[in-house]
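Q: I'm new to this structure and would like a close look at a single part of it. Could you walk me through one strand and its surroundings?

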Amino acid sequence: MTNRQPKDRSGSGENFISVKTSEGCSSVVLVCEHASDFFPAEFGTLGLDEAVRKNHVAWDPGALSVAEHMAALLDATLVAGQVSRLIYDCNRPPDAPDAMPQRSEIFEIPGNADLNEAERSKRVDAVYTPFKTSLQTAIARVSSPIIVTIHSFTPVYNGASRSVEIGVLHDTDTRLADAMLTLAPRYTQADVQRNQPYGPQNGVTHTLKEHAIKAGHLNVMLEIRNDLIQSAEQQKQMSEMLAPWVAEACVQAGAEGVVQCKA
Ligand SMILES: [Zn+2]
């Protein structure tokens with residue numbers, strides 16, 4: 001795997017968020033909440049050994065690289081988290097039990113057991129609040145914003161294999177997801193499914209609801225099976241497939257803003 005952590009650490013707040021602003025005027029804002037497996041010293045390792053800290057429960061392997069390539073192709077701003085989601089999951093509101101999960105898939109997270117209010121607030125202030133502010137700022141910069149979040153998922157979860165290869169996820173606003181699903185056969189032979197392997201019932205649409213649906217912006221969440229984006233070449237090819245697919249879907253969904261794609 002490459003690009004575990006964003007190269008640009010000059011983000012806002014406590015430097016736990018990376019924002020790469022596009023030079024152009026694209027309406028697309030890409031988001032990668034689970035980009036990093038970084039555990040800052042001030043929060044420690046949560047009692048986890050290195051194997052668990054590199055495991056998919058700690059981050060979305062490959063997702064950041066795909067998002068970075070897509071940002072370049074779409075001339076889009078990218079907002080990415082820079083700490084492990086086990087410290088704080090930026091795709092969850094502070095009151096969600098799994099914002100700082102005590103258990104993730106098959107792993108207990110000792111450092112998240114019995115967190116007191118002060119400890120929870122410290123993580124919210126250090127990670128979630130700057131993430132939220134950075135994303136709000138990025139969205140406010142563009143006209144007619146379109147929010148696209150990039151994630152990866154494990155091919156085997158709780159011992160069960162998953163056949164879905166690309167998930168197109170949505171909450172109550174289905175416009176962009178519908179367009180992507182309609183166009184899917186033109187862009188990929190992959191097994192593409194709606195609201196798989198997760199959906200709104202799993203609490204995964206927080207960013208979409210908070211930053212897009214409330215304001216009426218077009219939005220979609222993309223989940224890529226992580227065995228398909230292990231190498232740098234696979235990550236590049238995936239982004240070169242996804243970027244024009246997203247761009248055409250935006251147009252088909254009636255996007256009013258600017259959607260650029262160099263792929
Ligand atoms: Zn994710």
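Which residues of E2 point one way, which point the other way, and are they buried or exposed?

A: Happy to. Keep in mind that this is a predicted model, so everything here is read off computed coordinates.

Let's start with your strand. From E2, Val28, Leu30 and Cys32 point one way, while Val29 and Val31 point the other way. Residues on both sides are buried. That back-and-forth fits a general pattern: in a regular strand the side chains alternate between the two faces of the sheet. And since five of the five residues of E2 are buried, the strand is largely enclosed by the rest of the structure.

So who are the neighbours? On one hand there's strand E3, residues 77-81, which runs parallel to E2 and is joined to it by four bridges. If you want a spot to look for, find Val29, which stands opposite Thr77 in E3.

On the other hand there's E6, also parallel to E2 and joined to it by four bridges. Two pairs help you line these strands up: Val28 has Ile146 as its bridge partner in E6, and Leu30 stands opposite Val148.

Now hop over to E6 itself, which covers residues 146-153. Eight of its eight residues are buried, so E6 too is largely enclosed by the rest of the structure. Ile146, Val148, Ile150 and Ser152 sit on one side, with Ile147, Thr149, His151 and Phe153 on the other. Both faces are covered.

From E6 you can step along to E11, residues 218-225, which pairs with E6 in the parallel sense over eight bridges. Here, the pair to find is Ser152 and its bridge partner in E11, Ile224.

E11 also leads us to a helix. It is part of what covers the buried residues of H4, and that cover also includes E9, E10 and H6. Those buried residues of H4 include Leu176, Ala177, Ala179 and Met180. Some of that spacing is worth a thought: an α-helix has 3.6 residues a turn, so residues three or four places apart point the same way.

One last thing to spot in H4 is a bend of about 35° at Leu181, with a proline, Pro185, following within four residues. As for its length, the 13 residues of H4 should span 18 Å at 1.5 Å a residue, and the end C-alpha atoms are 18 Å apart, which agrees.

Definitions and conventions: Residues numbered from 1 in each chain as written. Predicted model: local features only at pLDDT ≥ 70, side-chain atom pairs only at ≥ 80, totals over all residues. Buried ≥ 20, exposed ≤ 12 C-beta atoms within 10 Å, placed from the backbone. Pairing = 2+ DSSP bridges. Expected span 1.5 Å × (residues − 1). Bend = angle between axes of the 7 residues up to and from the residue. Contact = placed C-beta atoms within 7 Å.
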